[in-house]
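Reader: I keep running into labels like "salt bridge" and "buried". Could you show me how such labels get decided?

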Amino acid sequence: MKKINLLFPFLLVFQTLFAQLAVKYPRLENLQNPLGIDTPKPRFGWQIAAADGRRNVLQTAYEIRVAANPDDLLSEKNLILNTKKRETEASVWINYDGKPLQSGKKYCWQVRVWDNAGNVSAWCEPNFWQMGLLKPTDWTAKFISPTPEIARDTIERPSPIFRKKIVLDKKVAAATAFITAHGLYEAEINGQRIGQDYLTPGWTSYQKRLQYQVYDVTGLLKNGENVVGATLGSGWWRGYIGFAGQKDFYGKDVALLFQIEIEYADGSRETVNSDGTWKCSTGEIRSSEIYHGETQNARFQQVGWSSPGFDDSKWGNAVPQNFSKEILIGTENEPIRKHETFAPVKIFKTPNGELVADFGQNLVGWVELKAKGKRGKKVVLQFAEVLDKQGNFYTANLRDARCTDVWMLKGGGDVENFEPKFTFHGFRYAKIEGYPGDLKPENIKAVALYSAMRPAGNFTTSDPLVNQLQKNIQWGQRGNFVDVPTDCPQRDERLGWTGDAQAFSRTATFNFDAHNFYAKWLKDVAADQQPNGMVPYVIPNVLGKGAGGSTGWADAATIIPWNMWLAYGDRRILENQYESMKNWVEFMRSKSKNDLWNKGFHFGDWLFYSRADDNDGRSAITDKYLIAQCFYIHSTELLVNTARVLGKKSEADSYSELLKKIKTAFLNEYVTANGRTVSPTQTAYVLALQFDLLPENQREQAAKNLAANIKSYGNHLTTGFLGTPYLCHVLTRFGYNDLAFKLLNQKTYPSWLYPVTMGATTIWERWDGIKPDSTFQAVTMNSFNHYAYGAIGDWMYRKMAGLDTDLPGYKSLKIEPRPGGGFSQAAAELETLFGHAASRWQIGDDKNLVLEIEVPANTTATVFVPTKDVSTISENGKPLAAVKEIHVAGVENEKVKLEIGSGKYRFSVAGWGANLRKINLKDYIGKYKVEGESYTHIQIVEQNGEMALQTLFFTEILEPDAAAADTFKSEESSARFVRNAAGKVVQVFFTNNGAETEGKRE
């Protein structure tokens, strides 16, 4: 008799359900399989993948289980957390709420989800995390310092090396290393490097917060003799830091803290601690400084020092220290790691006869070199960002930073390798002196170092120059996100300037997943904040207690937490930073009189457009106290918003009252009754409009004033660090999107594309770091990798391409593309915490507009299609009415509003570009003779792609009038051209302030 398997059809049904839904990218504290978590209630997150391009997928429930090992996940009684099925859409920032987690212990976890179509996913593959050492008493190791003989060298300060021999006579099941240092460290076991992290333990406010790292070293240990070793460098702890020549800021010592927890296969445990039994000496690193570079003398190399069998009988004993462990914290942000490598695009001799390698990209990291030469042969590497006008190596802008690596060969006939350990350089060019023989490309390469943030977004257009601008923005972020958000990576500075960090923070979240990076740094902001609420200029603060409180800089304490909330939806960042935010607002209040903050030092609109010979007032100087009041208001409003998110109603109400008062004070002090600001600059209008400081009835006129100001500068921006991030946003918001495009497309100084036309591969500190004649701006402050002006990226992604948040963290998206500006296409894509989102528009030859949109599972989106005629819109060739997943919600601001769920969509707007009229400026260019005026000619010229009308007394930029052919206008003037029977322009009627002038073409 044939047996019937009743289970088989049951399994088929479940396999089909599972195939419809899957969990991907599971993470804990926004990290995959992290080690060293020291928060007692870490948070889970994941993404959802739906099969077959299904749309409108929403999670309806999840189930999480946690156990001590993967096998225990299958046994309910062994679970330390079993949420059962929880009915919720939540899939990010879900708090662990199981049994208390134990210090140093490893845990495994899985999740499965249900969706709104009744599907249930399979359990994801087991993931893990390991807790850090949660209490100071969990540290049994001691800090150890080098022997007195080594410590006495306070000039060169060679890097000490430590070693400890250990013998293991049982099989190792698991081993975890917990390591930190005063200074920087690199650790080894049995001659093999531990981990892939560099410049550890990173840079924090060391007096209050010192990070440690955690590594799984199970595979590096073996039965029998083992050797644990570590090398220390001065780093930020005691190296030169800042621009005043100071060193030893945190201490004169370097010290190591090293603890290995070993679990054997039989269940027994052992701990290996750094202590006075460790041996210490020095090796090939004779000096190492972040600013000045590293010197390695291979003749001092102690071959095999971190491997078994090495004779350390001549080494001294390390010195135990009682340094505090109360300040030790786990590492929550991504470590610094190696990334891209660059072969030289050219090796050449400069006019001065210097041997230089050009790597084609301004980057941050170091050069690795191979050579074979005589013992003691000295090779010197020096680094620069640019060449001078004559093509020679240029380092004057590095100020006192020597940026020089020195390598002395061991000799003996073998090929030797050089690589620094405890320095980094910002450079495109490397000068090589003393290289033995001919330098070949295969013997030199540049290596990029930066925090290992997950790449998140990208942006492309039909314009190669704008695409290069996007690359420059991303490389500026790579080079300056080296554990802290530095201002620049090359000269004697490299500090966490708060103004740069806040200006760029929203842009940063698009290029990379910067959540953990900023979460860590913001805690240092709070740690270094002064008792009176003052926020230092730089974080970590190495400039002194009084160096802080500047508007637009210190507001990083409020602006960045709020931007992280918008980009990632992480309520805990707001909770962690709330007191810091409040303290900063209270500092401003304490410095105010009659609700006006109009005293103290401020950097102002740093590096705004300024003319050296300013005899007609063209320098764009904005009153610093006007700016201060703007940011006082903005930070207070962000504090109110944060209080509301956190449910602090009474404080929200209280600060709302303060907000009303300081807005009124701003209007009374800095704005006329007609909406004109005391400083009639672009930055003044931008801040007033961006922060909603003006009454509704004054905003239109203020926006007109802003547009007129931009046009008066020939469609050039004049903003500095504080106005630039918001400039194009304000123009778009108030109906001047075409003008925003003109600023983006502008190629002459000052503009975003001017440095691109000059060959820049990163964002410059100054709009004219290299002048049109190839000479340089002031050597005292002229970085060529300085990301602040890269904040235009935020407008390009969220406005030009139209990919924006509706609810915090992209739980709901707002997609509002803005075609135009002479571009035929633009696209932005972003890996949100929920998954991949994208918005792309393209104008075809048929004048149809195509919008391609992707919305991640478990999110929704509101799409604004740039037409008011619903009948012209189709999706994948079907009328909207025939697509059941799309809801037409009406027309807003002459755009069709659509509500959609997750999935991929392709919208087409028929005939969208039919009304776009192309203007050929060559038809109008020339001289026009005038009679009866104080000037004899009107001249029409092309200026940056636009019409410029010139007379003896003035130049006027005119724009095409969409309503009339051959007519151009500005706010005050118009020009109407007349053609003859053959279609040639022969006459112009120019009207200015009501007076008309006729000109006949010569």
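Author: Let's go through some labels one by one. Keep in mind that this is a predicted model.

Reader: What makes R571 and E575 a salt bridge?

Author: The closest N and O atoms of the two are 3.0 Å apart. The cut-off is a side-chain nitrogen of Lys or Arg within 4 Å of a carboxyl oxygen of Asp or Glu, so this pair gets the name. R571 and E575 both sit in helix 8 (residues 571-590), four residues apart, or about one turn of the helix.

Reader: Why is R571 called partly exposed?

Author: Its relative accessible area is 37%. Buried needs under 20% and exposed needs over 50%, so R571 lands in between. E575 has 42%, so "partly exposed" fits E575 as well.

Reader: What about K814 and E816: why is one partly exposed and the other buried?

Author: K814 has 27% relative accessibility, which lies between the 20% and 50% limits, so K814 is partly exposed. E816 has 12%, and because that is under 20%, E816 counts as buried. The side chains of K814 and E816 meet in a salt bridge too, at 3.6 Å from N to O. Elsewhere, salt bridges that share partners tie R399, R491, D492, E493 and E765 into one network.

Reader: How do you know that D312 and K279 make a salt bridge?

Author: Their N to O distance is 4.0 Å. The rule says within 4 Å, so the pair counts. This one links distant parts of the chain, with the two residues 33 apart. K279 belongs to strand 19 (residues 279-282), while D312 is in the loop between strand 21 (293-297) and strand 22 (316-317). Both D312 and K279 are buried.

Reader: How many salt bridges does that rule give?

Author: The count comes to 62 salt bridges.

Reader: Now the strands. What makes strand 13 and strand 14 a pair?

Author: Strand 13 (residues 184-189) and strand 14 share two bridges, in the antiparallel sense. At least two bridges are needed, so they qualify as a pair. Across that pairing, E188 stands opposite R193 in strand 14.

Reader: And why are strand 14 and strand 22 called edge strands?

Author: Strand 14 (192-193) and strand 22 each pair on one side only. They belong to an open sheet of six strands, with the order 14-13-16-11-19-22 and antiparallel pairing. Read that order from end to end and you'll find strand 14 and strand 22 at its two ends.

Note on methods. Residues numbered from 1 in each chain as written. Predicted model: local features only at pLDDT ≥ 70, side-chain atom pairs only at ≥ 80, totals over all residues. Heavy atoms only, no water. Buried < 20%, exposed > 50% of the residue type's maximum accessible area, 1.4 Å probe, protein only.
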